[in-house]
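Please work through the following exercises with the sequence and the coordinates open beside you. Each task is followed by a solution that goes step by step.

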Amino acid sequence: MSDYLKTERAKEWRTALRASLKNKDRVAIPRVQMPERDPMVRRHNHDEVNLGLTPELAVGEARRCLDCANPTCISGCPVEINIPKFIKNIERGAFLEAAKTLKASNALPAVCGRVCPQERQCESQCFYTLKLNKEPVAIGHLERFAADYERESGQVSIPETAPANNIRVAVVGSGPAGLSFAGDMVKLGYDVTVFEALHELGGVLRYGIPEFRLPSEIVDVEIDSLRAMGVKFITNCIVGKTISQEDLVDEGFKGIFVGSGAGLPNFMNIPGENLVGVMSCNEYLTRVNLMQAADPDSDTPVYKGRQVAVIGGGNTAMDAVRTAKRLGAEKAAIVYRRTEQEMPARVEEVKHAKEEGIEFFTLHNPLRYEGDERGRVQRAELQRMRLGEPDSSGRRRPIPIEGDTVWLEVDEVIVSVGVSPNPLIPQSFTGLEITRWGTIVVNEDTMQTADEMIFAGGDIVRGGATVILAMGDGRRAAKAMHRYLQGEG
Amino acid sequence: MNKIVAKEYLSERVVRFEVEAPLIAKSRRAGHFVIVRVGKKGERVPYTIASADVEKGTITLVVQRVGKSSEKLCRLEVGDHITDLVGPLGKATDIEKFGTVVCAGGGVGVAPMLPIIEAMKQAGNRVISVIAARTKELIILEEQVREYSDEVVIMTDDGSYGKKGLITAGVEEVIQREKVDRCITIGPAIMMKFVAELTKKYNVPTVASLNTIMVDGTGMCGACRVTVGGQTRFVCVDGPEFDAHQVDFDEMLMRLKAYD
Ligand SMILES: Cc1cc2nc3c(=O)[nH]c(=O)nc-3n(C[C@H](O)[C@H](O)[C@H](O)COP(=O)(O)OP(=O)(O)OC[C@H]3O[C@@H](n4cnc5c(N)ncnc54)[C@H](O)[C@@H]3O)c2cc1C
Ligand code: FES
């Protein structure tokens with residue numbers, strides 16, 4: 001354990017808190033249950049499903065944390081939040097202090113508390129999981145609690161910024177990677193401009209993740225606070241199209257961070273995929289989230305299928321299928337070629353989907369779609385699968401069961417089988433090294449590309465990844481670009 | 001927010017706007033389009049850039065009033081602002097010296113054809129423009145087309161102006177009369193389908209500029225996808241122009257009716 005963590009843990013208040021309750025009593029407390037909106041009600045509206053912990057529930061859950069001498073949870077966190085410190089602050093009732101601890105490592109705690117796959121990160125490395133075979137401390141719920149408490153208290157501190165150094169840096173894309181980079185650079189005194197292709201800011205946080213999981217108000221607050229710190233945002237501006245790489249250099253930008261995401265939807269290239277009513281998950285979610293197509297006053301239409309099949313098992317698939325239910329689908333089903341165990345989606349999303357009446361066709365894979373005479377999708381032929389040997393990723397490979405197929409009646413199909421890196425920057429910038437998958441090659445420690453003034457992070461570097469990894473990349477890039485611009489890197 | 005600096009009715013239902021957009025004016029080329037959104041509840045809709053003035057920092061859009069979104073745009077007046085405008089999008093037209101080029105534009109398709117006619121002429125081609133509409137009042141931009149064309153053939157369905165007949169009749173007449181090296185067609189999907197069928201018969205390489213439904217216009221959603229030569233392509237980033245002989249127009253026509 002680092003000296004810093006040790007010193008923090010040795011502080012008087014922490015020692016006293018540890019002594020205030022025996023470990024035996026701490027481990028006897030059952031894990032908190034997140035209060036949720038009733039599934040029968042929520043499947044008809046877009047309100048947030050998780051209601052958040054009350055202060056009492058949060059303090060109770062914080063007591064479960066043993067404030068371990070060797071906090072393994074931290075190693076499970078991609079941005080290494082000082083988890084025991086923030087949790088112990090909650091236990092002692094210093095909620096704002098807890099939020100501050102989070103913000104020291106995480107630019108978007110209210111977002112990450114809601115969307116991180118904690119069961120595969122911090123919570124998987126919790127002492128309870130590793131050694132006690134008990135449910136881990138609800139680190140994600142506590143993170144959300146502290147961040148929400150700060151926001152709702154009206155005491156959100158605008159972080160201090162260093163005196164302006166008048167060095168201009170440009171950010172391409174306003175997703176979590178770009179936002180966290182912008183936040184760190186503006187704090188260091190840089191003149192930061194974020195360019196966003198769409199008419200709204202936030203990247204996937206805006207156009208992808210639905211309101212019932214991440215209310216847009218949360219994203220607004222983060223962006224407003226960056227604005228208050230001096231970050232400039234320019235929407236409707238596609239770098240590489242509206243303005244070129246040379247334009248940026250001519251305008252005096254000394255560094256460029258590319259956080260352009262993985263915006264290109266994959267299709268399966270099977271017969272019938274271009275029928276009316278078959279669409280990408282990005283299209284469906286963009287219509288509903290970015291364009292608010294479910295609002296009767298919105299000019300943007302959206303298909304409101306009665307029998308909807310969503311192909312895939314990731315977070316995007318869960319978001320789409322649960323959205324379809326909310327738009328009035330009688331039947332909304334996940335079609336996934338492996339089993340529930342291999343699903344990349346967060347466990348909580350799968351649980352919520354089931355509670356809302358979503359059907360699961362696991363070990364099924366679409367082969368073709370057929371439509372009516374007007375070209376509208378009518379049914380899908382699904383191949384039944386079984387699991388074979390593990391593949392290179394360690395997941396067991398799905399194998400078709402020869403001749404075993406079924407037809408599913410559908411009037412809408414949403415294809416959610418992954419995304420590829422957004423090709424706009426790779427195609428229009430010179431000097432970058434691009435992999436054959438279309439991602440930008442960077443030095444993993446500094447996020448610097450082959451062109452020394454250009455840094456990159458998030459999904460454009462990793463392919464489809466997560467919010468927290470994108471955010472962590474943005475922070476690392478900021479640190480390294482700062483060194484580079486100060487002539488030290 | 002982009003300010004409208006000029007507005008003119010080209011016909012009862014077709015409006016020409018000049019809009020402030022200095023960055024787009026500078027970077028756009030023939031064939032590019034923009035996505036426009038009017039009002040906070042507005043839809044994102046593509047329009048081809050008909051021309052641009054780099055000095056003034058403006059671009060010209062020609063808009064036909066057909067539905068809710070174009071209706072909203074056409075209601076805007078000089079001095080009003082367009083809520084969102086982004087571009088230039090798509091790939092620019094392939095401009096080369098081909099020899100003789102036929103530009104077949106139907107209805108409001110003549111507007112996006114204009115910069116192509118101009119660029120083709122400047123590249124040293126013999127340009128024959130065939131412009132068509134249902135009736136005389138709907139023939140737009142004739143004067144501007146004439147400026148850059150070596151010859152202009154006008155066709156109307158009802159014979160009220162030019163020759164009576166469909167655009168295909170006009171194109172066929174030219175092909176039968178002289179060697180045509182390339183044809184470009186822009187207009188309603190059904191019209192482009194028939195032009196493509198005709199030029200295929202005569203083996204004239206043909207490019208069609210497709211106007212599919214779009215959302216983002218940046219390759220993010222796939223709403224705009226079409227089948228070209230058996231492959232799925234995204235019109236907003238791989239197009240909007242494709243080899244017309246390879247385009248599955250029947251599928252495109254079906255997809256255009258998705259939200260009717
Ligand atoms: C529906 C959905 C649900 C998800 N759920 C989760 C979840 O629960 N937990 C989790 O951790 N992750 C989740 N993810 C993944 C996560 O959202 C992404 O990994 C993360 O957003 C990547 O961040 P980014 O900043 O790299 O890119 P993005 O968020 O994709 O942002 C990129 C931005 O750049 C803009 N842009 C692109 N090119 C240009 C250009 N040339 N000029 C200007 N702007 C440009 C784009 O318009 C976009 O706004 C989900 C993804 C989706 C689609
Ligand atoms: S309009 Fe969305 S990908 Fe083309």
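The exercises below deal with one residue, then with a pair of domains, and then with the two chains.

This is a predicted model, in which local features need pLDDT of at least 70 and side-chain atom pairs count only at pLDDT 80 or more, while totals for chains, interfaces and linings use all residues. Residues are numbered from 1 along each chain as its sequence is written, chains are lettered from A and ligands numbered from 1 in the order in which they are written, and side-chain values use heavy atoms, with hydrogens and water left out.

**Exercise 1.** Determine where A:Glu356 is placed and whether it counts as buried or exposed.

Step 1. A:Glu356 is found in the loop between α18 (347–355) and β9 (359–362) of chain A, where helices (H or I, at least four residues) and strands (E, at least two) are DSSP runs numbered from the N terminus.

Step 2. A:Glu356 counts as buried because its relative accessibility is 0%; buried means under 20% relative accessible area, exposed over 50%, and partly exposed in between (1.4 Å probe, protein chains only).

Step 3. Leaving aside neighbours within four places in sequence, the residues in contact with A:Glu356 include A:Pro39, A:Val49 and A:Arg322, contact meaning heavy atoms within 4.5 Å.

**Exercise 2.** Describe how domain 1 and domain 2 of chain A meet.

Step 1. Domain 1 covers 2–153 and domain 2 covers 168–263 + 421–485 of chain A, with bounds from an automatic or database domain assignment.

Step 2. The C-alpha centres of these two domains of chain A lie 29 Å apart, and their contact takes 22 residues from domain 1 and 20 residues from domain 2.

Step 3. Between them, domain 1 and domain 2 of chain A bury about 1800 Å², 74% of it on carbon and sulfur atoms; buried area is the accessible area (1.4 Å probe) that two parts lose on being put together, summed over both.

Step 4. The count between these domains of chain A is one salt bridge, that is, a side-chain nitrogen of Lys or Arg within 4 Å of a carboxyl oxygen of Asp or Glu.

**Exercise 3.** Describe how chain A and chain B meet.

Step 1. The contact draws 41 residues from chain A and 40 residues from chain B.

Step 2. About 3300 Å² is buried between chain A and chain B, 53% of it on carbon and sulfur atoms, and A:Lys241, A:Asn274 and A:Asp299 supply 22% of the area that chain A buries against chain B, more than any other three residues.

Step 3. Four salt bridges are counted between chain A and chain B, and the side chains of A:Asp295 and B:Lys41 meet in a salt bridge (2.7 Å, N to O).
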